[in-house]
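Visitor: I should like to learn how to read individual features in a structural model. May we take them one at a time?

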Amino acid sequence: MRGRKWDCMEHIWDATWSPCEEDGEKHCSLLRIKTVVHLFGKTVPFILFDFKAKQIGPGIVHLPFVLPLGLGRGVLVHTLTPIEPMLQRVSHLVFIEKWLPAVVGKVVMYIEFKQFERDLTIWNNKTYIPKPLLVKEDQSIAKH
């Protein structure tokens, strides 16, 4: 988040993607996302995440998570089902420990929704290129 209003805050993230190499898991891939937020140059401890998601085939993602400060655990399940060409049904489900207030799951769902919403523009304008020219940073696309 940059701009005059947000100069006091910095969001840093890093993501890696790799195919599963284990027998019987060739249809799966692993995504690791690390994120941290700095406010006035100091790390905000309750916004420090290290996610490890597993994509199963083209349409299912399991993203287990641990809430900051050890408040509890949960899992986000994302499914994508083709309906017809260029039309898919997307489902997001959040499961949290039953002793946590429902608002926790709603916040996780809201964050997931906002991230998904930003990707829609890209998805709605995608084209398939059999052998795209890639820069070094995009080499994981070739593995996929």
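**Reading the features in turn**

Guide: Let us begin with the surroundings of one residue. Beyond its neighbours within four places in sequence, His38 is in contact with Cys8, Met9, Glu10, Ile12, Thr43 and Val44. Please bear in mind that this is a predicted model.

Visitor: In which strand is the place of His38?

Guide: His38 belongs to strand β2, which covers residues 28-39.

Visitor: Is His38 buried or exposed?

Guide: A residue is called buried when its relative accessible area is under 20%. His38 has a value of 19% and is therefore buried.

Visitor: Which side chain does the side chain of His38 join in a polar contact?

Guide: The partner is Thr43, and the polar contact between the two side chains is 3.3 Å. Thr43 also appears in the list of residues in contact with His38.

Visitor: How should Leu39 be read?

Guide: Leu39 also lies in strand β2. Its relative accessibility is 35%, so Leu39 counts as partly exposed. Leaving aside neighbours within four places in sequence, Leu39 is in contact with Cys8, Met9 and Val44.

Visitor: How far is the C-alpha atom of Leu39 from that of Pro130?

Guide: The two C-alpha atoms are separated by 43 Å, and the residues lie 91 places apart along the chain.

Visitor: How many disulfides does a search of the whole structure find?

Guide: A disulfide is a covalent bond between the sulfur atoms of two cysteines. The search of the whole structure finds 0.

Visitor: Why is there no bond between Cys20 and Cys28?

Guide: The cut-off for a disulfide is 2.5 Å between the sulfur atoms. The cysteine sulfur closest to that of Cys20 is in Cys28, and because the two are 5.0 Å apart, they are too far for a bond. Cys20 is buried, at 8% relative accessibility, and Cys28 is buried as well, with a relative accessible area of 5%.

Visitor: Which residues make up the largest nonpolar core?

Guide: This core has 9 residues: Phe51, Ala53, Leu63, Phe65, Leu67, Leu76, Leu100, Val104 and Val108. At least two of its residues come from each of β4 (49-56), β5 (60-66) and α1 (102-124).

Visitor: With which residues is Leu76 in contact, leaving aside its neighbours within four places in sequence?

Guide: Leu76, itself one of the core residues, is in contact with Val61, His62, Leu63, Phe65, Leu93, Val94 and Glu112. Among these, Leu63 and Phe65 also belong to the core.

Definitions and conventions: Residues are numbered from 1 along each chain as its sequence is written. This is a predicted model: local features need pLDDT of at least 70, side-chain atom pairs count only at pLDDT 80 or more; totals for chains, interfaces and linings use all residues. Side-chain values use heavy atoms; hydrogens and water are left out. A nonpolar core is a set of buried Ala, Val, Leu, Ile, Met, Phe, Trp, Tyr and Cys residues joined through side-chain atoms within 4.5 Å. Buried means under 20% relative accessible area, exposed over 50%, partly exposed in between (1.4 Å probe, protein chains only). Helices (H or I, at least four residues) and strands (E, at least two) are DSSP runs, numbered from the N terminus. Contact means heavy atoms within 4.5 Å. A polar contact is a pair of N or O atoms within 3.5 Å; within protein, one must be able to donate a hydrogen and the other to accept it, and residues adjacent in sequence count only if both atoms are side-chain atoms.
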